[in-house]
Amino acid sequence: MKLLKSIAVIMLLAAGGQVVFAGDPGLSSSSGADSSADVPAPPASLRAWSQPSLASWWDGDSAIDDSFGLGPALEHYGLKFFGDVTESYYGQLSGGLPNQPRSDATTELKMKLLFDFSKITDVRGLTFLSYWRYRNAENPALAAGTSGPSSLFNPSKDTTGLGIRIMSQYLEYTTPNKAFTINAGWENPYDQFLQQPLSRLFQNYAIISTKGIGGQAGAGIPVINSDMASTGGTPGVGTPTKGGVRFYTTSPVPWSSSYQAWGATLKIKPTSDTYIESGLYESIAGETQKNPTQLVATSVYPYTSVPASYSGQFKTSNEITPVVGANGQIIPGALQDLGWSPIYINNHGFNFRGAPGFAPSAYVAVKPTTASGGTIYGTYNGAATYQNSAGQYVASPAFFAASPYDQGGLDGNYSHNGLYSVNEIGWTPKFGVDELEGKFAVGGYIWGQPNTNFTPVQYTASVFNPATGKIAYTTYGATKSNPFEENPFVAGIYLQADQQIFSLPGPKDPDGPFTTRGLYTFNEFSFTPPQNNALPFYFQTGLVFNGPFESRSSDAFGIALGAGFYSSYFNAYTQSQNQQLENAIGSAYNATLPNGPVQAGTINPQTGVYTTGKTAASPLTNYYAYLPNYTSTEVVEAFYKFQINKWASFKPDVQYIINPAGNGTVGNDWIVGFSFALTF
């Protein structure tokens, strides 16, 4: 009843109505003898509201003048409203991929409601947080070329979880001495662990958010789809063939603000400058946004038969394109289907029931035709061969550049619910007479999603007929070796070392990222076993100077470096996929596919004789380039933040991303931009 009356009071205040509080001198006795025990009267200073002047608004603490002047009254009844809105712009000057805008903008609005139960009950230390967010973004990563294994280096953090999104909703209790804190509900460990406020002054996704956590988790999980092709000629009959097995992506560790799940967090402070924190949550596959597929540098010629002019474009399911031969020339009359592609998915955070049950056989697409209804052919009229510009005969390319089938599952992801555990211990000392603040922490996480190591790999056994020199049937791993060593989870550790180096005289802000003016450093290192993580090593280091000038004591500027190093196991897996066999393993004669692009002869599995291209009966084959190895990706970022007043700021920013794709296929990025932020 007390809570309902408090809400009614707040609504009347917001409507501009007159509110009479228990204990007021003018309170009529007819209002009820027990009303004075319901809600305590606020101080007299809170009972009247007047419209603020322009000067008081500009000099105030909030862009909406403390909830339009109602903030003190709302807080008196336990309700506090706060948040911020940020508009950011990114302009790509050089590098990156074509066919994408070179200018992008993002909008982020965060809104939080905090209710303190002690204001209306006898319970002290109990609060409820309700957090909501709105994002609208053009993705600068599409032009920058940071995708796939290098997606952690997106120039912006604001490109996932778009639209209105429900964020953390949880109850929290803290003891009066703040030695014990526990919360439970719909929450995100990202908001409670590895807290590094200085890094959040930057824009790059790696520095501000992921910090090296959340790279590609393994090579995928092989699953037999009984609705797909098999040797019996009928789906589900006989041994699964190459088309009957799919590799489903493991959802990586979602170390970003867009993940939410049911869980609880416990934090204990044995001393004033040490803490132990532990959290257990649900691990939900695909809980964050699924983005559309982009044709990157390795999706087109010279690595595939898709023309290089398609680089950077979005790939749509069953898109029809021309075919480029290994000699770099378009094959006249040839068309190919780019196959099935994941679609854009956004659950807006309302995924309270977790991931759906895994159903690999849920969808099977019929091989499509052209827009005019014609059949897709690798060459004009479906001829078995064609002649290149040198007059050589070349075998017709495949009609499909990728699988034409919807893989089912969670739109290509392996759908699974598990457990997600994060633990951290830390020390927050203050050094010297200036009490220079530091934070030193070590933490670890276990993400309960199944995955497969990149190596070892092996071929699947096939039946060989000595009489014919041919394979009686071809299983899915007969020409390409595949990984098989599965794991039940992904695990990693991180180290954090932040320290104020020196301080200068000036205002203090115990609630901000800086306590005083001065120079600060932040550092972080993360490690995940390289056997099942494409980016196992990452570190970042940065310097931030708060209040660089006495006349601009609230300004700040900073510079940071983030660097990620790719797994040698991941490269070994990539090479194993490059070096697949011409014929099924066990053939009398075999060879490894050559590194192209080249039009070359193919070995006959029975005779060992190579085709020559001199006749249509002995055609050459198009071979494309091997996928390159991954090395490292680095980003250097610098900013200057102009603090306009207490609630508005403007921050120019520049980023230089080195090897944005991680494999040398995309030029280095120069990106300049700015952000404008308001707090309320």
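Of the 680 residues in this protein, 49% count as buried. The model you are looking at is a predicted one, so please read what follows as a guided tour of that prediction.

**Overall make-up**

The chain folds into 7 helices and 31 strands. Its accessible surface comes to about 30000 Å², and carbon and sulfur atoms hold 61% of that area. If you take the contacts between residues at least 6 apart in sequence, 68% of them join residues at least 24 apart.

**A run of paired strands**

A good place to zoom in is strand S8, residues 261-268. Strand S5 and S8 run antiparallel and are joined by 8 bridges. Within this pairing, Trp186 has Trp262 of S8 as its bridge partner. S8 also pairs with strand S9, residues 274-284, again in the antiparallel sense, this time over 6 bridges. Here Lys267 stands opposite Glu277 in S9. The link between S8 and S9 is a hairpin of 5 residues.

**Backbone geometry worth a look**

Most residues other than glycine have a negative phi, and most peptide bonds are trans. With that in mind, four spots in the backbone are collected here.

| Site | Feature | Value |
|---|---|---|
| Thr455 to Pro456 | cis peptide bond | omega near 5° |
| Gly596 to Pro597 | cis peptide bond | omega about 5° |
| Leu194 | positive phi | near 50° |
| Glu435 | positive phi | about 50° |

Where do the two prolines sit? Pro456 is in the loop between strand S17 (451-452) and strand S18 (457-458). Pro597 belongs to the loop that runs between helix H7 (568-578) and strand S27 (598-600).

The positive-phi residues can be placed in loops as well. Leu194 is found between strand S5 (180-187) and helix H6 (205-210), so the loop that holds Leu194 follows a strand already met above as a partner of S8. Glu435 lies in the loop between strand S15 (430-431) and strand S16 (436-447).Is Leu194 buried or exposed? Leu194 counts as buried, because its relative accessibility is 3% and the cut-off for buried is under 20%. Glu435, with a relative accessible area of 48%, is partly exposed.

Notes
Residues are numbered from 1 along each chain as its sequence is written. This is a predicted model: local features need pLDDT of at least 70, side-chain atom pairs count only at pLDDT 80 or more; totals for chains, interfaces and linings use all residues. Side-chain values use heavy atoms; hydrogens and water are left out. Helices (H or I, at least four residues) and strands (E, at least two) are DSSP runs, numbered from the N terminus. Buried means under 20% relative accessible area, exposed over 50%, partly exposed in between (1.4 Å probe, protein chains only). Contact means heavy atoms within 4.5 Å. Accessible areas come from the Shrake-Rupley method with a 1.4 Å probe; for residues, only the protein chains shown count as cover. Two strands pair if DSSP finds at least two bridges between them.
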